[in-house]
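Hello,

Here is the structure for you to look over. My notes follow below it.

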Amino acid sequence: MKPQFRKLALTAHVASSVGWLGAVAAFLGFGVVGLTSDDADTVRAVYLVMEPAAWLVLVPLAIASLLTGLIQSLGTTWGLFRHYWVVFKLLINVASTVVLLAYMNTFSFMADVAADPSADLDEVRNASPVLHAALALILLLFATTLAIYKPRGLTPYGQRKERARGIMHSG
Amino acid sequence: MADSPASGTPRWVKVTAIVGVVLLALVVVLLITGRGGGHGPGRHTNDGDTPPTHTGPPPGMTHP
């Protein structure tokens, strides 16, 4: 990958990944407001806005983070399966994106309940977004830490590649 | 976290993998036993097989 494109891809990956982290933090805030606010309109509004906000912000950022991460790893010497920290980041990213896409049904369900005027406010309140956002925040913070520290450790595949490269250079 | 390619799996990888597997097992147990606050996989896969967990007031006890 050319240096200019590599920097552009890295910028896109950092922006989407950190943006995703920030958006999840905002959803944690939404969830806390939904559970604690005394204002009925505010509580209903929180659960109504979660679904469109997730489609417009969380899902695009998650997919962008995954795609730019793939470009970043496959287009550089880091590779996708050579270093443990890259493998862990990939697993976290894929798992979080899959759970998020599956969770869109739950957002839709909560919005339906919030839109139902006959539904009691206690039915509208739901602890699930707080739980999911908190877990996602921990996972994404861990992924960010891995990206910054890049702890050493080659996978068996990475070790084989490294040995092959050494042989080529010495040969 | 020092390691060389020949030193095997680094300690941080083992610790992270163990924590990950324990957490995953905990989530699976919570989902299977239904102790996750009625938050089973059916909640995520609203494919018609599993009714939504929205439990409104029973008939005759609707709000005015």
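The lining of the second largest pocket breaks down by class into 18 nonpolar, twelve polar and four charged residues. Keep in mind that this is a predicted model. The space in that pocket comes to about 680 Å³. Its lining has 34 residues, and the closest to the pocket centre are His13(A), Gln72(A), Trp85(A), Lys89(A) and Ala147(A). Four elements of chain A give two or more residues to the lining: helix H1 (3–36), helix H2 (40–74), helix H3 (84–115) and helix H5 (128–149). H1(A) supplies the largest share, with nine residues.

Next, a backbone point. Lys150(A) is not a glycine, yet its phi is positive, at about 45 degrees. Where does Lys150(A) sit? It is in the loop between H5 and helix H6 (156–170) of chain A. Is Lys150(A) buried, partly exposed or exposed? Its relative accessibility is 35%, so Lys150(A) counts as partly exposed. The cut-offs behind that call are under 20% for buried and over 50% for exposed.

Now chain B. How many helices and strands does chain B have? It has two helices and zero strands. Chain B has 64 residues, and buried ones make up 14% of them. The chain exposes about 4,800 Å². Carbon and sulfur atoms supply 69% of that exposed area.

Best wishes

Conventions: Residues are numbered from 1 along each chain as its sequence is written. Chains are lettered from A and ligands numbered from 1 in the order in which they are written. This is a predicted model: local features need pLDDT of at least 70, side-chain atom pairs count only at pLDDT 80 or more; totals for chains, interfaces and linings use all residues. Side-chain values use heavy atoms; hydrogens and water are left out. Buried means under 20% relative accessible area, exposed over 50%, partly exposed in between (1.4 Å probe, protein chains only). Accessible areas come from the Shrake-Rupley method with a 1.4 Å probe; for residues, only the protein chains shown count as cover. On a 1 Å grid over the protein atoms alone, a cavity is a set of points where a 1.4 Å probe fits but cannot get out, and a pocket is an open set with protein on both sides within 12 Å along at least five of seven lines; lining residues have an atom within 4 Å of a point. Grid points are joined across faces, edges and corners, and a volume is the space filled by probe spheres set on the points. Ala, Val, Leu, Ile, Met, Phe, Trp, Tyr, Cys and Pro count as nonpolar, Asp, Glu, Lys and Arg as charged, and the others, Gly among them, as polar.
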